[in-house]
Amino acid sequence: MQTAAKRVDGKTVSAAGLDDEEVALAAAAQLGTILETVRQGYLDALPIAAAMITIEDEEPFIECANDLFRLVAEWDERIGDRAIARVPILRAGPIGNRLGVFIKGPDSAYQFDTTDGRPIGGRHFTVRFAGLKKVEGQPRRMLLSMIDKTAQVETERSLRSEMLRDTLTGLPNRLSFNEKVDAVLADPNFRDGQYAVLAVDMTRFSRVNECMGAMAGDELLITFARRLVSALRPTDMLARTSGDEFGILMRLNRGMADALRAAERIKTVLTLPFRLSDLEIRVDCAIGCAALTSSVASADEVLRNAQFALKRAKRSGTTQVYEPVEAQAVRRQFSLETELRVAIESEALTLAFQPLVELSSGRVSGFEALARWEHEGQVISPAEFIPVAEESGLIVQLGRWALDHATQTLADWDRRTGTRLPLNISVNLSFIQVSRDDVVGAVAGALAAAGITGDRLTLELTESAVAHDPEKVARTLNALKRLDVRIAMDDFGTGYTSMASLQTLPIDLLKIDQSFVTGMLEDHDSRAIVRAILSLAAALGMQTTAEGIETEALALALGELGCIYGQGFLYSQAMPAEDALTYWLDRNA
Ligand code: C2E
Ligand code: MG
Ligand code: MG
């Protein structure tokens, strides 16, 4: 703005008739107003609550603020005071306290997340204090800005509580249970044996679900959970850890006895029948307990321990407490599995051959191929590693290897003797192979690769395989018969083969389990069973082999009863391929 000036009495006087001092003052006032307007304009343009605070004589007050700030701070300069001490949100509480510290301190900026300090319905903010550049002759100024985070915090909170809750029963879920157990384990005051975890499994739940439908199953779960709650103390934590399994975290005053007493109470509240629609059903449960000790690393481990005990509880029908040795057995099984995988892949397994002898003539009719595993200088029994192989699925590979290797060995013997030896080789077949592998393809492949005919191979299948999946077994065995392969039923008498399947399946040979053979001479019942099996086989046109013959007397008695073949330590233990061939040559020279 241009003002025309003239000189009056030696002083420069403006057009409006003001002297220098007055002009300076007027200009300063004008600048002040301009700055104020600019500041206000900036604050109003911001999308967040903001206020400029001026500190004069250690007394902070609000110089200007935007409408969002007025709303959040519930403050209005037309009614209240501009002094910070009069602004509700800045007076005390988490924001006010830190503001006081910031003003006195050396920092140029400070940002934090907080609430407005109200215990109920409080709001959440990200707050920032920022000092503005000091201007000579001007008071200190700072900018206070606040971003309202309430909606975001509440959404996160409700998502989290949903994440930690089982929607059906309203109980904490496994995640939340684990968090709680982990918190107990991490507490510096935690001592061994102060807490226990109980795993509770509703018995026969899947039956109810199958027979009455999922709705009834849900209703049962809810009622079951309510009963559990009624048996617990308010300080115990109950959670639904999986489908029909519940977890309880409880403090112990007198050791495990407390946990066992709680288990008793749970069993008692379950004795009354449950009402489901129009039906009354009885529900029982199995309970496994595990103590929290400093040797367990995580909640997952404690729960797993309780589940081991639970497994035993299901078998025994009584509440069980976890013993650390169980975990060792499982760990051994796990490491065995890893090592077995390596052994199979690196072909570290071998086959041993046990002679099968015709009882009437003493002639060796063939050999059974039995897997052997020498691991770190120790021979591990197939009774131990075959179940591991079956459980892990490794048996498919192992079984194929045994088939290939056994047929190759027979072909090799033929080659070395320059004849087609009158020998039959037996290979064991697991029910897992029948259900998961293309056994027929594998057998055809092995025979073709070795160049031997199917009539020189016997496959031994245990009774349990038949019970497992009778239709698949029937299809597989019939297809194997088309390859001319002989089928033997191994360990006969120990399973539950029905007469019907014995009659319909193409079985050529029954191998009488050694448990009947061994005590046959002394034990009347065993002898009766062996006799019955022999006449059954004769009636069905099957051949027979007695397993586990250790004495001459047994061999004689079995021969007299009409058993055709025998196998056992009397003749020989299973031996390496080389020795087996020598054994045969010695007896057939
Ligand atoms: P199995 O097929 O019933 O084999 C006979 C078992 O009885 C063999 O045990 C053999 O050494 C043992 N045996 C033979 N004669 C006597 C005797 O006079 N007295 C005593 N006390 N025992 C005798 P092994 O080799 O320990 O094999 C155990 C089981 O492991 C086998 O029983 C078979 O079910 C399984 N198995 C072995 N190799 C394989 C394989 O390659 N595949 C599959 N699926 N299973 C196999
Ligand atoms: Mg066998
Ligand atoms: Mg057997």
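A residue is taken as buried when its relative accessible area is under 20%, as exposed when that area is over 50%, and as partly exposed in between. In the predicted model described here, Gln320 has a relative accessible area of 15% and therefore falls under the 20% limit, so that Gln320 counts as buried. This residue belongs to strand β14, which comprises residues 320-321. The side chain of Gln320 makes a polar contact of 2.5 Å with that of Arg312, and a further polar contact, of 3.0 Å, with the side chain of Ser316. When residues up to four places away in sequence are set aside, Gln320 touches Ile287, Gly288, Cys289, Ala309, Arg312 and Ala313.

Several of these partners lead to helix α10, which is formed by residues 299-316. The 18 residues of this helix should span 26 Å at 1.5 Å a residue, and the C-alpha atoms at its ends are 26 Å apart, in agreement with that expectation. Ala299, Val302, Leu303, Asn305, Ala306, Phe308, Ala309, Leu310 and Ala313 are buried within α10, and among them Ala309 and Ala313 are also contacts of Gln320. After α10 comes Gly317, for which phi is positive, near 80 degrees.

The metal site was examined next. The magnesium ion (ligand 3) has as its protein donors Asp490 (OD), Asp491 (OD) and Glu547 (OE), at 2.0 to 2.4 Å from the ion, and along the chain the donors of this ion follow the spacing D-D-x55-E. Asp490 also forms a bridge between the magnesium ion (ligand 3) and the magnesium ion (ligand 2), the two ions being 4.1 Å apart. Because Asp490 is placed in strand β20 (residues 486-492), whereas Glu547 is found in the loop between β22 (543-546) and α21 (552-561), the pair ties together parts that are 57 residues apart in sequence. Both donors of this pair are buried, Asp490 with a relative accessible area of 6% and Glu547 with a relative accessibility of 8%.

Asp490 is also one of the residues closest to ligand 1, together with Arg372, Asn428, Glu550 and Phe569, out of 22 residues that surround this ligand. For three of these residues a polar contact with ligand 1 can be described in terms of the atoms involved. In the case of Arg372, a side-chain N or O atom is 2.9 Å from an oxygen atom of ligand 1, while for Glu550 a polar side-chain atom lies 2.6 Å from a nitrogen atom of the ligand. Phe569 contributes through its backbone, of which an N or O atom lies 2.8 Å from an oxygen atom of ligand 1.

With regard to nonpolar packing, the largest core contains 79 residues, of which Phe367 and Trp413 touch the most other members. Helix α13 (residues 395-417) supplies the largest share of this core, namely ten residues. A second core, separate from the one just described, has 32 residues, including Met250, Phe274, Leu276 and Cys285.

Finally, Arg587 is located in helix α22, which runs over residues 577-587. With a relative accessibility of 46%, Arg587 counts as partly exposed. The C-alpha atom of Arg587 is separated by 7.5 Å from that of Arg363, although the two residues are 224 residues apart along the chain.

Conventions
Residues are numbered from 1 along each chain as its sequence is written. Chains are lettered from A and ligands numbered from 1 in the order in which they are written. This is a predicted model: local features need pLDDT of at least 70, side-chain atom pairs count only at pLDDT 80 or more; totals for chains, interfaces and linings use all residues. Side-chain values use heavy atoms; hydrogens and water are left out. Donors are N, O and S atoms within 2.8 Å of the metal (3.2 Å for Na, K and Ca); water is not among the atoms, so sites may look incomplete. Helices (H or I, at least four residues) and strands (E, at least two) are DSSP runs, numbered from the N terminus. Buried means under 20% relative accessible area, exposed over 50%, partly exposed in between (1.4 Å probe, protein chains only). A polar contact is a pair of N or O atoms within 3.5 Å; within protein, one must be able to donate a hydrogen and the other to accept it, and residues adjacent in sequence count only if both atoms are side-chain atoms. Contact means heavy atoms within 4.5 Å. A nonpolar core is a set of buried Ala, Val, Leu, Ile, Met, Phe, Trp, Tyr and Cys residues joined through side-chain atoms within 4.5 Å. The expected span of a helix is 1.5 Å times one less than its number of residues. A residue is near a molecule or strand if one of its heavy atoms lies within 4 Å of it.
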